Amino acid sequence: MTKKIYYLNTAFESVSEYNLALLVQKYSIAFLFHSPTGQNIYAFDSISQLKPGEQNENQFTAVAKWQNYLFSKLEPLNAQILPQIVGSFSFTSGQQNSEIWESLTNGFFFLPKFLVIVEKKNFTLVTCSFTKNTIIQESTAFLRLLGTVDTKKKPYSNLITKTEELAVTKWKDAVAETTKLIKETNLKKVVLARSLKVEFIHEFKVHTLWKKLKDTQPNTYRILLKQNTSLFISATPERLAKFSANQFETVALAGTIKRGDTLSEDAELGKKLITDPKNRGEQQFVVNTISEILKKTGLIVNHPQNPILLKNKNVQHLYTPITGMGFYNLFSLLGELHPTPALGGLPKADALKQINKVEPFIRGLFGAPVGHISFDNSGELAVGIRSGILKANKAFLFAGAGIVAGSIPENEVKETRMKFQPILQVLEGVSHSEK
Ligand SMILES: C=C(O[C@@H]1C=C(C(=O)O)C=C[C@H]1O)C(=O)O
């Protein structure tokens with residue numbers, strides 16, 4: 001690509017989230033990203049694409065190089081707000097193409113042609129184009145389309161016909177084997193995941209999923225990545241990083257217990273989690289490892305001494321926000337950090353080896369960094385858990401749990417079953433208006 005990439009900003013009044021989600025069906029590539037505290041991003045169509053884990057180098061270095069290259073081509077047309085690259089890394093580089101993940105196996109990033117950024121009720125469209133002469137018309141046509149997306153409603157429902165937890169016995173054996181290995185070697189923690197297959201009557205429409213995600217998971221990230229016929233969706237509570245020039249915010253999230261049916265039962269369960277030595281130890285590994293990595297890159301690190309409880313609809317976790325201040329190289333820091341011991345384990349390399357050995361599927365985007373990065377290296381990435389991949393009338397959901405010396409296989413099965421719930425409930429009995 002030798003051509004320049006022009007970009008233009010158009011501020012506009014407002015648009016409903018539902019209309020933006022409806023627009024996804026008109027494009028083969030789209031990305032929706034709702035952060036509980038950051039920017040909301042809606043991206044459609046692409047100017048340039050990269051599969052990070054398919055390059056012959058570290059996937060974070062590959063994205064950094066691609067981003068640099070794109071930056072050298074950017075040409076603002078009276079624009080203050082930069083375009084952003086959006087999408088997902090893969091859990092690890094060089095994953096073997098899998099039937100489930102198909103072309104998303106090794107991650108997928110793109111520079112959107114149309115990027116809607118919503119921040120504190122300000123709506124901006126950032127349009128990218130190779131042609132200077134037509135960019136204004138392209139933006140206008142996009143906004144017109146957005147304003148006229150058909151929201152007429154007809155009754156609609158989609159029902160699950162089958163759910164199947166895959167290879168449960170084998171997974172329990174893997175947990176037992178891993179626990180033994182942890183007791184016998186210097187391995188301390190390994191996060192093992194399993195999968196749930198779901199079949200339903202019809203193919204899902206994106207806006208249906210998005211509405212259900214919004215209705216059922218109000219305080220998590222909400223993420224949707226569409227590439228042709230594959231849809232990745234996530235209701236993750238876990239931030240990998242929110243970053244700007246000299247600030248890097250991350251979290252240590254680990255340790256899980258169910259929500260209670262009453263306020264007092266819920267508080268009781270929370271207390272049990274926060275005073276439980278196994279879970280506190282598991283989460284402390286994550287706090288220590290992340291803090292060490294940030295310090296090693298020269299950041300000044302701050303975090304509260306003790307975790308607090310993060311309560312989502314289906315589960316509660318131990319949570320410590322961690323902030324690093326100072327200068328840093330974004331992509332090399334992300335490469336050091338991912339996967340944190342919340343998703344990989346400790347020591348990282350040995351844990352990844354064990355994951356590779358015992359997990360019967362490719363993680364694809366499960367647990368991978370997913371989000372948006374501006375050309376000034378500000379942005380936000382979440383950890384792609386509480387997630388699944390949908391294609392036609394099938395979905396594969398994923399859930400993992402931290403295995404430590406004291407882990408009991410049956411309890412880990414129950415914990416991962418709870419972690420399937422956020423996305424399972426999105427797919428379950430969807431019944432609302434549909435064109
Ligand atoms: C791996 C998952 O969750 C991670 C593991 C947790 C745990 O072991 O308690 C808690 C939160 C997440 O960091 C998942 O939801 O699939």
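**Lysine 258.** I started by looking up lysine 258, and I found it in strand β14, which covers residues 247–258. This is a predicted model, so I keep that in mind throughout. Is lysine 258 buried or exposed, or something in between? I got 16 C-beta neighbours inside 10 Å, so lysine 258 counts as partly exposed; buried would take 20 or more. Leaving out residues up to four places away in sequence, I see lysine 258 touching Leu269, Val315 and Met418. I also checked its distance to tryptophan 101: the two are 157 residues apart along the chain, and their C-alpha atoms are separated by 30 Å.

**Whole chain.** Next I stepped back. I counted ten helices and 23 strands in the protein chain. The C-alpha atoms fill a box of roughly 65 × 55 × 45 Å along the principal axes. For 435 residues, a compact globule would have a radius of gyration near 22 Å, and I got 21 Å for the protein chain, which agrees. Buried residues make up 48% of the 435. Looking at contacts with a separation of 6 or more, I found that 76% come from residues 24 or more positions apart.

**Two domains.** The chain splits into domain 1 (5–154) and domain 2 (157–200 + 252–434). I put their C-alpha centres 26 Å apart. How many residues meet between them? I have 33 residues of domain 1 in contact with 29 residues of domain 2. On the domain 1 side, α2 (59–73) and β5 (84–88) each supply at least two residues. The largest share there, six residues, comes from α2. By class, I sorted that side into 16 nonpolar, 15 polar and two charged residues.

**Helix α2.** That made me look at α2 itself. Its 15 residues should span 21 Å at 1.5 Å a residue, and the end C-alpha atoms are indeed 21 Å apart. I listed Gln59, Phe60, Ala62, Val63, Ala64 and Gln67 as its buried residues. They pack against β3 (40–50), β5, β6 (108–119), α8 (330–337) and β19 (369–374).

**Helix α4.** I ran the length check on α4 (residues 168–184) too: 17 residues should span 24 Å, and the ends are 24 Å apart, which agrees. Which residues of α4 are buried? I noted Trp171, Ala174, Val175, Thr178 and Ile182. Seen down the axis, the buried residues fall within an arc of 100°, so they line one face of the helix. The face turned away carries the exposed Thr169, Lys170, Lys180, Lys183 and Glu184. On the buried side, I see packing against β10 (189–200), α9 (348–358), β22 (394–403) and α10 (409–427).

**Backbone oddities.** Most residues other than glycine have a negative phi, and most peptide bonds are trans. I looked for exceptions. Histidine 338 and proline 339 are joined by a cis peptide bond, with omega about -10°; proline 339 sits in the loop between α8 and β18 (345–346). The bond from leucine 346 to proline 347 is also cis, omega near -10°, and proline 347 is in the loop between β18 and α9.

Asparagine 377 has a positive phi of about 60° and lies in the loop between β19 and β20 (379–383). With 15 C-beta neighbours inside 10 Å, asparagine 377 counts as partly exposed. Arginine 386 has a positive phi near 45° and belongs to the loop between β20 and β21 (387–391). I found 29 C-beta neighbours inside 10 Å for arginine 386, so I noted it as buried.

Technical notes: Residues numbered from 1 in each chain as written. Predicted model: local features only at pLDDT ≥ 70, side-chain atom pairs only at ≥ 80, totals over all residues. Domains from an automatic or database assignment. Contact = placed C-beta atoms within 7 Å. Helix = DSSP H or I, 4+ residues; strand = E, 2+ residues; numbered from the N terminus. Nonpolar A, V, L, I, M, F, W, Y, C, P; charged D, E, K, R; others polar. Rg over C-alpha atoms; globule rule 2.2 N^0.38 Å. Buried ≥ 20, exposed ≤ 12 C-beta atoms within 10 Å, placed from the backbone. Expected span 1.5 Å × (residues − 1). Arc of directions from axis to C-beta.
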